[in-house]
Structures are given as C-alpha cells and as structure tokens.
Amino acid sequence: LGWYTVVCGLFVAATLAAHGANWLVLKTGAEVQARAVKVRRPLLLATGVLWLLTAVATFVVAPPSTHSFWWLGVVVSLAGATATVLKKSERAAFLGSSAFIVGQLLTAFGGLFPVLLRARENPQFSLTAASAASQGAGRNFALVWWVPVLLLAAAYLWWVLRHFRGK
C-alpha cells in the first residue's frame, strides 16, 4: 500500500466511525450513549485532520478537475461538517455527518469526472467516463433492473426508519 492509500483509508475509517458514533448518540440511551458521546469528539477531530491531509494529498497526487459536482461536494461537505460540529441536537449532528459523507462522494465524483483513472505512462490509455460506458444490451438491461431495485431499496429504507423510529 502506498502512503496516499493509507491516508485515504484512515480518513474513511475515521469518518465512518464518527458517523456511527453520531448514530449511537441519536438512537441509544444510558451507558451506550455516554460512551458514544465520549468517543465522538476525538473521532470528529481525527476526521477533520485526516480530511485536510487527504485534500492536500489529493491535490499533490492527482489534482481533481473542478467540475461543478466537485464544487457542490465541497459546499455540502462544509455544511455537513459545520452542522456536525455545532450539533444543535442529536439529529442535527447525525444529519450533518450524513451530509458530510454525501458531500465527499460528490467531491470524489466531480473530481474524477471525466477521467476516472489516469494512465501513468500515456494519457491515451486513461479510463474515461465515455470509454468505460457499456454499450447496447448491457446498458439497456441495467436501466431496466435499476429502477425497480432502487424502489425496493427506498421501500426498505422507509420500513427501517419507521420500524426503528425513536430511541
């Protein structure tokens, strides 16, 4: 593993651990909630430091394109981080960390588009969105099953949120 991969992996691990701590604070009580509150602050601090390190490292290793989704991701990430740190309520902190993760995904998408994987030796061999797109039957099949599966996933999410509402 290279140093960049390790920094990115640590950032993702800290982000998801902090998000999990926010979920536990929101959904539990008593001792579990107290322990989650205790570890949340160090996890948020680690996430913030690793976020900055990852951002700097990304600009050094593979400068992102500044596609409009990249800027949208930056704005959503900053808004989510602010909401999480200010934590006006348990729900606001959890929704803020959710927005932060969505913002990071948008930033990754916007930073990569249209070149998804850069070739080191010859840019002609880079993997672009156009060259990676499937053609014909494969694309049509994916479009046919994608909509029902997305609806099924949305229905499951709705059921989970209704079934486990409250603490």
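Here are a few exercises with worked solutions on the structure above.

The model is a predicted one, where local features need pLDDT of at least 70, side-chain atom pairs count only at pLDDT 80 or more, and totals for chains, interfaces and linings use all residues. Residues are numbered from 1 along each chain as its sequence is written, and side-chain values use heavy atoms, with hydrogens and water left out.

**Exercise 1. Get your bearings**

Work out which elements the protein chain has and in what order they run.

*Solution.* Start with the count: six helices and two strands. Helices here are DSSP runs of H or I with at least four residues, strands are runs of E with at least two, and both are numbered from the N terminus. Next comes the order, which from the N terminus is α-α-α-α-β-β-α-α. Then look at the overall extent: along the principal axes, the C-alpha atoms fill a box of roughly 60 × 40 × 30 Å. Finally, 22% of the 167 residues count as buried. Buried means under 20% relative accessible area, exposed means over 50%, and partly exposed is in between (1.4 Å probe, protein chains only).

**Exercise 2. Follow H1 and H4**

Compare the reach of H1 with its expected span, then find what its buried residues pack against.

*Solution.* First, the span. H1 has 25 residues and reaches 36 Å from first C-alpha to last, close to the 36 Å expected at 1.5 Å a residue. The expected span is 1.5 Å times one less than the number of residues.

Second, the packing. The buried residues of H1, including Phe11, Thr15, Ala18 and His19, pack against H2, H3 and H4. Contact means heavy atoms within 4.5 Å.

Third, zoom in on two of them. Ala18 is buried at a relative accessible area of 3%; leaving out residues up to four places away in sequence, Ala18 touches Leu43, Leu44 and Thr47. Thr15, at 10% relative accessibility, is buried too. Again setting aside neighbours within four places, Thr15 is in contact with Thr47, Phe100 and Ile101.

Fourth, turn to H4 (residues 90-112), whose 23 residues reach 33 Å, close to the 33 Å expected. Its buried residues include Phe94, Phe100 and Leu106, and their cover includes H1 (3-27), H2 (30-61) and H3 (68-86).

**Exercise 3. Explain the salt bridge**

Find how many salt bridges the whole structure has, and say why Glu31 and Arg35 are about one helical turn apart.

*Solution.* A search of the whole structure turns up one salt bridge, meaning a side-chain nitrogen of Lys or Arg within 4 Å of a carboxyl oxygen of Asp or Glu. The side chains of Glu31 and Arg35 form it, at 3.2 Å from N to O. Now the spacing: Glu31 and Arg35 are separated by about one helical turn because they sit four residues apart in helix H2. An α-helix has 3.6 residues a turn, so residues three or four places apart point the same way. As for its surroundings, Glu31 is exposed, with a relative accessible area of 55%.

**Exercise 4. Tour the pockets**

Describe the space and lining of the largest pocket, then do likewise for the second largest.

*Solution.* Begin with the largest pocket, which holds about 1,100 Å³ of space. Of its 34 lining residues, Tyr4, Cys8, Thr54, Thr58 and Ala108 are the closest to its centre. A pocket is an open set of points on a 1 Å grid over the protein atoms alone, where a 1.4 Å probe fits, with protein on both sides within 12 Å along at least five of seven lines; lining residues have an atom within 4 Å of a point. A volume is the space filled by probe spheres set on the points, which are joined across faces, edges and corners.

H4 gives the most to this lining, with eight residues. By class, the lining has 24 nonpolar, eight polar and two charged residues. Ala, Val, Leu, Ile, Met, Phe, Trp, Tyr, Cys and Pro count as nonpolar, Asp, Glu, Lys and Arg as charged, and the others, Gly among them, as polar.

Move on to the second largest pocket, with about 290 Å³ of space. Among its 12 lining residues, Trp23, Leu26, Lys27, Arg91 and Leu161 are the closest to its centre. H1, H4 and H6 (137-163) each supply at least two residues. This lining has seven nonpolar, one polar and four charged residues.
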